[in-house]
Amino acid sequence: MSASIARATVRAVSRRKILPTRAALTLTPSAVNKVKRLLQNKPEYIGLKVGVRTRGCNGLTYTLNYTKEKDKSDEEVLQDGVRVFIEKKAQLTLLGTEMDFVETKFSSEFVFNNPNIKGTCGCGESFNI
């Protein structure tokens, strides 16, 4: 069983040249550090799992949960000692995406900078491809 850990926001990336990478998802140093801190006192979990579900006014939203095991169909991203697993349903929606962690005076959240997004809702929580 997985537990929800954080709120996630999406941003459409307009016409930015994306360099091909070997991983479906890349993490910024800020995201790597936050994931390490989240997992630091939770030895029963091996990483985070990113998924998508139908929700919000624009169609899809990301889910982010702790995970204890890798499912057979999960894509594993290993970066700087951090393991992030992508559920099968989310794999195509995340290709070329950068996962960041942003802290402001009012919020702290993971942000998915996704070049595949065609539109987002006003609050930035849901998107369509």
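This report walks through the fold, one hairpin, one helix, the salt bridges and one unusual backbone angle.

**Overall fold**

The model is predicted. The protein chain holds two helices and 10 strands. Read from the N terminus, the order of elements is β-β-α-β-β-β-β-α-β-β-β-β. Of the 129 residues in the protein chain, 43% are buried. The chain exposes about 7700 Å². Carbon and sulfur atoms supply 48% of that area. Contacts reach across the sequence as well. Take those between residues at least 6 apart: 60% of them join residues at least 24 apart.

**The β7-β8 hairpin**

Strand β7 covers residues 97-103, and strand β8 covers residues 108-114. The two run antiparallel and are joined by six bridges. Four residues make the hairpin connection from β7 to β8. Within the pair, Met99 stands opposite Phe112 of β8. Strand β8 is mostly covered, with six of its seven residues buried.

**Helix α1**

Helix α1 spans residues 29-39. Its buried residues include Ala31, Val32, Val35, Leu38 and Leu39. These residues lie on the same side of α1, because they cover an arc of only 130 degrees around the axis. The spacing fits a general rule. An α-helix has 3.6 residues a turn, so residues three or four places apart point the same way.

**Salt bridges**

Side chains of opposite charge can pair when their charged atoms come close. In this model the count is three salt bridges. The table gives the N to O distance for each.

| Basic residue | Acidic residue | Closest N to O distance |
|---|---|---|
| Lys49 | Asp71 | 2.8 Å |
| Lys49 | Asp74 | 2.9 Å |
| Arg83 | Glu76 | 2.7 Å |

Start with Lys49 and Asp71, which form a salt bridge at 2.8 Å. Lys49 sits in strand β3 (residues 47-54) and Asp71 in the loop between β4 (60-67) and β5, so the pair ties together parts that are 22 residues apart in sequence. Lys49 counts as buried, because its relative accessibility is 9% and the cut-off is under 20%. Asp71 is partly exposed, with a relative accessible area of 34%.

Lys49 also meets Asp74 in a salt bridge. This pair links distant parts of the chain too: Lys49 is in strand β3, Asp74 is in the loop between β4 and β5, and they are 25 residues apart. Asp74 counts as buried, at 7% relative accessibility.

Arg83 pairs with Glu76. Arg83 is partly exposed at 28% relative accessibility. Glu76 is also partly exposed, at 31%. How do the salt bridges connect Lys49, Asp71 and Asp74? Salt bridges that share partners join Lys49, Asp71 and Asp74 into one network.

**Asp80**

Most residues other than glycine have a negative phi. Asp80 has a positive one, near 50 degrees. Where does Asp80 lie? Its place is the loop between β5 (75-79) and β6 (82-86). Is Asp80 buried or exposed? Asp80 is exposed, because its relative accessible area is 53% and the cut-off for exposed is over 50%.

**In brief**

Strand β8 is mostly covered, and the buried residues named in α1 lie on the same side of the helix. Lys49 is buried and takes part in a network with Asp71 and Asp74. Asp80, by contrast, is exposed.

Definitions and conventions
Residues are numbered from 1 along each chain as its sequence is written. This is a predicted model: local features need pLDDT of at least 70, side-chain atom pairs count only at pLDDT 80 or more; totals for chains, interfaces and linings use all residues. Side-chain values use heavy atoms; hydrogens and water are left out. Buried means under 20% relative accessible area, exposed over 50%, partly exposed in between (1.4 Å probe, protein chains only). Two strands pair if DSSP finds at least two bridges between them. The arc is that of the directions from the helix axis to the C-beta atoms. Contact means heavy atoms within 4.5 Å. Accessible areas come from the Shrake-Rupley method with a 1.4 Å probe; for residues, only the protein chains shown count as cover. A salt bridge is a side-chain nitrogen of Lys or Arg within 4 Å of a carboxyl oxygen of Asp or Glu.
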